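Please read the following account alongside the sequence and the coordinates, moving from one loop residue to the hairpin, the sheet and then the helices.

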Amino acid sequence: MRWLHVSGRSLACLLIVASSASAVLFDHSSYDEILRHYVDDEGLVDYASIRQNSLSALESYFERLGDADLAGWPYPEKLAFWINAYNARVIYLVAQKPQMKKISQDFEMFNQPFKVAGQTLSLNDVEFRVLRGIVNPDNKKGPIVGVTLDKRDPRVGFALVRGTLDSPKLHNFAYTAENVDDTLFGDAKRFANSSKYVDIANGRLQLSSLLKWYAKDFDSVGGVAAFLSEQMDPEKRADTEEIKGLLIADFKRTEYRYDWTINDQKNVPIK
């Protein structure tokens, strides 16, 4: 390897240029601001206020998403980009449907095309074809050369928010290249240690349907049961050992559940 000798001042200039180049790959700050203003600490959304104040801001964000050129971007930058694109689009579509109570009333919203990274894709395309690298079951189209991510991270299932109460928690900040790995790590831990998603009823496991829908994504890490066992923390829940036992000995009898009610702040009773 040959080293290039530069002065202290020249080196500082190079570092500034390099830092600036990496910083401008994509700016998610406008979306981040919307999340900080309208998503509470429980991941619930003030859709009424978004509808009144921030639809145009989301539309401007989508214009930039649509024109983004991801060529040469590092994996963390791409991963954060696609997760944000998915979640922001869901927020936007739900905000435009004030009369809708459950996402299950309009699954077709996940097939509506929009421009993102120079492609015309649906939410299902982003989820299946881009982030997971598999066939979209609705249009039967597969991975996209040069667009689909190089590897499938099973933790993505804990980051995509379908606009429902039983979705993983929506953060009140945007994913970035800098925070995406640590945030996904926390997402998985939070999911596995929450009785909302992993519980016992009448001696049987009750799991979020997300774990059934994403089951094949966990094959690379030993399967759903092994992954959950790895993530569980006895300091976070007293029934950890009981759940681990059922994951090993009785996983086939698991019951799955999912509430499609919209994750709107108004849909949660005031305590």
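**From an exposed turn to the enclosed helices**

Asn 202 is exposed, with a relative accessible area of 82%, where exposed means over 50% relative accessible area, buried under 20%, and partly exposed in between, computed with a 1.4 Å probe on protein chains only. The model is a predicted one, in which local features need pLDDT of at least 70 and side-chain atom pairs count only at pLDDT 80 or more, while totals for chains, interfaces and linings use all residues. Residues are numbered from 1 along each chain as its sequence is written, and side-chain values use heavy atoms, with hydrogens and water left out.

Asn 202 lies in the loop between β3 and β4, and the names of such elements follow DSSP runs numbered from the N terminus, with helices (H or I) of at least four residues and strands (E) of at least two. The phi of Asn 202 is near 55 degrees, a positive value in a residue other than glycine. As background, most residues other than glycine have a negative phi. Asn 202 sits in the turn of a hairpin that β3 and β4 form with 2 residues between them.

The two arms of this hairpin run antiparallel and are joined by 4 bridges; strands count as paired if DSSP finds at least two bridges between them. Within this pairing, Ile 200 has Leu 205 of β4 as its bridge partner, and Ala 201 has Arg 204 of β4. The strand β3 has a covered face, made by Val 198 and Ile 200, and an uncovered one, made by Asp 199 and Ala 201. The hairpin belongs to an open sheet of 3 strands in the order β3-β4-β5, with mixed pairing. Its edge strands are β3 and β5 (255-257), each of which pairs on one side only. Neighbouring strands of this sheet are turned by 30 degrees against each other on average, direction ignored, the axes being lines fitted to C-alpha atoms (for helices, over the stretch in contact) and the angles running from 0 to 180 degrees between N-to-C directions.

Both strands of the hairpin also help to cover a helix. Which elements do the buried residues of α9 pack against? They pack against α7 (180-192), β3 (198-201), β4 (204-208), α8 (210-213) and α10 (240-249), contact meaning heavy atoms within 4.5 Å. Because 6 of the 8 residues of α9 (residues 224-231) are buried, this helix is largely enclosed by the rest of the structure. The buried residues are Val 224, Ala 225, Phe 227, Leu 228, Ser 229 and Gln 231.

The packing of α7 on α9 can be described in further detail. The axes of α7 and α9 come within 9 Å and cross at roughly 95 degrees. That crossing makes α7 roughly perpendicular to α9, under a scheme in which angles under 35 degrees count as roughly parallel, over 145 as roughly antiparallel, 65 to 115 as roughly perpendicular and the rest as oblique. Ala 188, Lys 189 and Ala 192 of α7 meet Phe 227, Leu 228, Glu 230 and Gln 231 of α9. These residues divide into 4 nonpolar, 1 polar and 2 charged, with Ala, Val, Leu, Ile, Met, Phe, Trp, Tyr, Cys and Pro counted as nonpolar, Asp, Glu, Lys and Arg as charged, and the others, Gly among them, as polar.

A second helix pair is formed by α5 (residues 75-95) and α6 (residues 123-131), whose axes come within 10 Å and cross at roughly 160 degrees. The angle makes α5 roughly antiparallel to α6. On the α5 side, the contact is made by Leu 79, Trp 82, Ile 83, Tyr 86, Arg 89, Val 90 and Leu 93, and on the α6 side by Leu 123, Val 126, Glu 127, Val 130 and Leu 131. By class, this contact of α5 with α6 has 10 nonpolar, no polar and 2 charged residues.

How many of the residues of α6 are buried? The count is 9 of its 9 residues, and what covers them includes α5, β1 (114-116) and β2 (119-121). Just after α6, Gly 133 takes a positive phi of about 65 degrees. Further on, in the loop between α6 and α7, Lys 140 has a phi near 65 degrees, a positive value in a residue other than glycine. Lys 140 is exposed, with a relative accessible area of 63%.
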